[in-house]
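Me: I am new to this structure and would like a close look at a single part of it. Please take one sheet and walk me through its strands with care.

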Amino acid sequence: MKKGIVALGAASALLLAFACSKPTPLKPDLGASKSVKELMAARGLSEADVEAALRTYVPTGKSDDYMIFASGGQSGQVLAIGAPSMRLLKVIGVFTPEPWQGYGYGGDGNAVLAGGNQMGKTISWADVHHPNLSETNGDYDGQYLFVNDKANARVAVVDLKDFATKQIVPNKLVMSDHGGAFVTPNTDYVIETSQYPAPLGREYVPITEYKDKYRGLAMFWKFDRAAGRIDVAKSWAIELPPYTQDLADAGKLDSDGFVFINSFNTEMAIGGTLEGKPPIESGASQNDMDYLHVIDWKKAEKLVADGKTTDIKGVKVISLTMAAQEGILHLIGEPKSPHGVDVTPDGKEMVVGGKLDTHATVYNFAKIKKLIDDKKYEGKDAYGVPILNFQESIRGQAEIGMGPLHTVYDNKGNAYTSVFLESVVAKWSLKDLKVIEKVPVHYNIGHILAAEGDTVSPDGNYVVAMNKMSMDRFSKVGPLYPQNFQLIDTTGDKMRMLVDMPIGIGEPHYSQMIKMDKLKPISVYPLGENPITGKKDPSATLAGQEKIVRNGTTVDVYMTAIRSHFTPDRIEVEEGDTVKLHITSLEQSEDQTHGFTINMMNIDLSLEPGKHENVTFVADTPGVYPMYCTEFCSALHLEMAGYFLVKPKAKK
Ligand code: CUK
Ligand code: CUA
């Protein structure tokens with residue numbers, strides 16, 4: 001055994017020496033000796049393939065130009081992807097425990113995850129849909145990322161300082177969300193709108209009372225940027241009709257102060273397939289028009305400040321009646337089974353795609369605002385909400401194709417719409433609303449994203465098609481196929497498909513793409529920092545301060561980790577003791593991470609340089625438990641171990 005370790009040590013030393021010596025030029029091999037043409041022939045590559053490869057290849061040691069933050073779908077996580085290389089850089093643990101990051105395995109991250117529990121239940125997954133970056137003056141500022149969980153109506157806050165989830169806020173009033181997490185142009189609010197209507201506050205109401213008692217909701221989570229957290233106490237909501245609100249977007253520049261929300265079931269269909277009634281799907285597709293909701297959130301904010309809210313389960317809610325009366329909520333028809341609503345970079349217009357329509361409809365904010373100011377209504381809905389005339393609210397419609405969903409923009413006045421049924425990206429001109437080009441994608445595109453796409457100044461060089469299906473794109477991995485991201489170059493006159501990226505962790509919905517140089521993540525934590533509080537932990541332990549303190553049946557262990565040992569490395573407690581481990585990594589060099597586990601205890605931590613973690617558990621089963629470092633941190637990594645001993649209680 002010992003021999004093997006010595007040999008390993010020698011091998012590492014050799015490797016190190018090798019790495020430190022001058023790089024040896026590669027000896028001519030297949031790649032270097034054959035001409036590019038021969039190589040292309042050998043690999044069956046076309047010129048277009050090679051060009052695409054050259055446009056996306058990022059050599060070792062070089063950085064990508066962009067970072068994509070993609071929804072991880074059912075995984076509950078967020079993916080950080082470099083572009084144009086389309087390499088996965090990190091799976092950020094958000095709603096689901098993530099063992100590599102030690103998130104949800106006994107450390108302080110447990111409290112973050114527990115913050116997202118709903119209705120007294122531990123929820124360890126999420127249906128992640130829409131990551132949104134924090135903005136300053138309508139531009140991504142690279143500080144925070146917000147993301148919603150459609151399945152359990154929650155919003156999470158990821159700090160891009162360390163790419164770690166700091167907060168999960170459960171929405172206590174609704175059962176699902178979808179229109180979120182969208183931010184206002186200065187990230188005053190993170191918006192989360194409900195999806196499937198249900199009684200607000202969650203009591204049981206028979207479904208026959210759907211129209212009277214079931215409701216939608218627009219939640220305005222107040223973001224405290226200095227604290228880097230949502231301020232739940234300062235957050236509020238607006239009650240909405242049970243129209244099944246869908247996507248939303250915040251106005252900017254001209255339309256700053258407004259929020260736009262789609263809906264797709266103004267029929268208020270409630271299913272009943274077993275009783276011979278039409279399924280929700282067809283019931284909800286009867287009307288030619290659903291309603292675009294136009295919300296004046298600045299006006300709503302004043303009402304909240306004036307105390308004109310109703311308390312539901314501790315949440316300040318502007319009632320639907322109040323919202324209708326005070327001119328906070330207006331409705332406009334939108335065709336047909338709409339999905340995305342996307343505000344143009346100048347904030348002047350909103351593009352709505354109809355899943356069962358062939359158009360993208362371009363709403364004009366100035367027209368809408370005038371109708372609102374003039375109180376020129378076409379009528380009111382059953383809840384008294386004023387309705388604006390459709391034709392008078394739009395500039396026009398672009399004939400896109402079958403099933404337009406989502407739209408993003410470039411810096412040349414073009415829009416790019418994902419067309420689900422047709423499996424294409426349609427590029428069209430915002431000026432004359434004419435389609436310029438369509439490029440096939442593989443297959444069934446859902447969302448589309450653009451470089452800096454949701455800002456007031458998109459970059460215009462890339463879009464990514466986020467495809468639901470990938471039948472013939474990748475090697476087979478069983479009946480559950482990867483999703484497919486396709487990076488498309490939009491700099492030239494023609495769109496150019498560059499590269500596919502299989503996503504094998506869940507079904508992503510939306511993503512955003514930010515310039516890499518806007519991100520300023522830290523490399524190491526200040527010594528003893530607790531990443532959840534962002535402060536030096538009160539139990540931070542420096543070299544020489546390690547100790548084991550017993551207080552009755554509670555044992556506090558103040559521990560440090562540094563290459564290549566834990567101090568203390570032997571901990572003995574009695575059966576039934578409550579054990580509190582406080583571990584500080586004393587490392588301050590980049591990329592020197594230790595892990596920590598106690599076998600069989602479901603405890604697993606990631607101790608990045610400087611990080612402090614606290615773990616509390618009851619030592620309920622006597623035994624001998626090895627503990628060790630789970631990251632190969634040094635040549636003596638395997639030796640970074642110790643024992644946690646639980647002595648049986650003396651029999652009385
Ligand atoms: S949704 Cu899934 S493709 Cu949740 Cu934004 Cu449209
Ligand atoms: Cu520390 Cu391995």
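Reply: What follows is a walk through one sheet, from its overall order to its edge and its pairings.

This is a predicted model, in which local features need pLDDT of at least 70, side-chain atom pairs count only at pLDDT 80 or more, and totals for chains, interfaces and linings use all residues. Residues are numbered from 1 along each chain as its sequence is written, chains are lettered from A and ligands numbered from 1 in the order in which they are written, and side-chain values use heavy atoms, with hydrogens and water left out.

The sheet chosen here is an open one of five strands, which follow one another in the order β38-β44-β43-β40-β41 with mixed pairing. Strands here are DSSP runs (E, at least two residues) numbered from the N terminus, and two of them count as paired if DSSP finds at least two bridges between them. At the edges stand β38 (570-574) and β41, each of which pairs on one side only. From one strand to the next the twist averages 15°, where axes are lines fitted to C-alpha atoms and angles run from 0 to 180 degrees between N-to-C directions.

The edge strand β41 repays a slower look. Strand β41 covers residues 603-607, and five of its five residues are buried, a word that stands for under 20% relative accessible area with a 1.4 Å probe and protein chains only. In a regular strand the side chains alternate between the two faces of the sheet. In β41 both faces are covered, with I603, L605 and L607 buried on one side and D604 and S606 buried on the other.

The partner of this edge strand is β40 (residues 594-598), which runs antiparallel to β41 and is joined to it by five bridges. One of the paired positions is H594, whose bridge partner in β41 is L607, a residue already met among the buried ones of β41. The two strands β40 and β41 form a hairpin with four residues between them, and in the turn M600 has a positive phi of about 70°.

Elsewhere in the sheet, strand β43 (residues 623-628) and strand β44 (residues 641-647) pair in the antiparallel sense over six bridges. Here M627 has G642 of β44 as its bridge partner.

Technical notes: Buried < 20%, exposed > 50% of the residue type's maximum accessible area, 1.4 Å probe, protein only.
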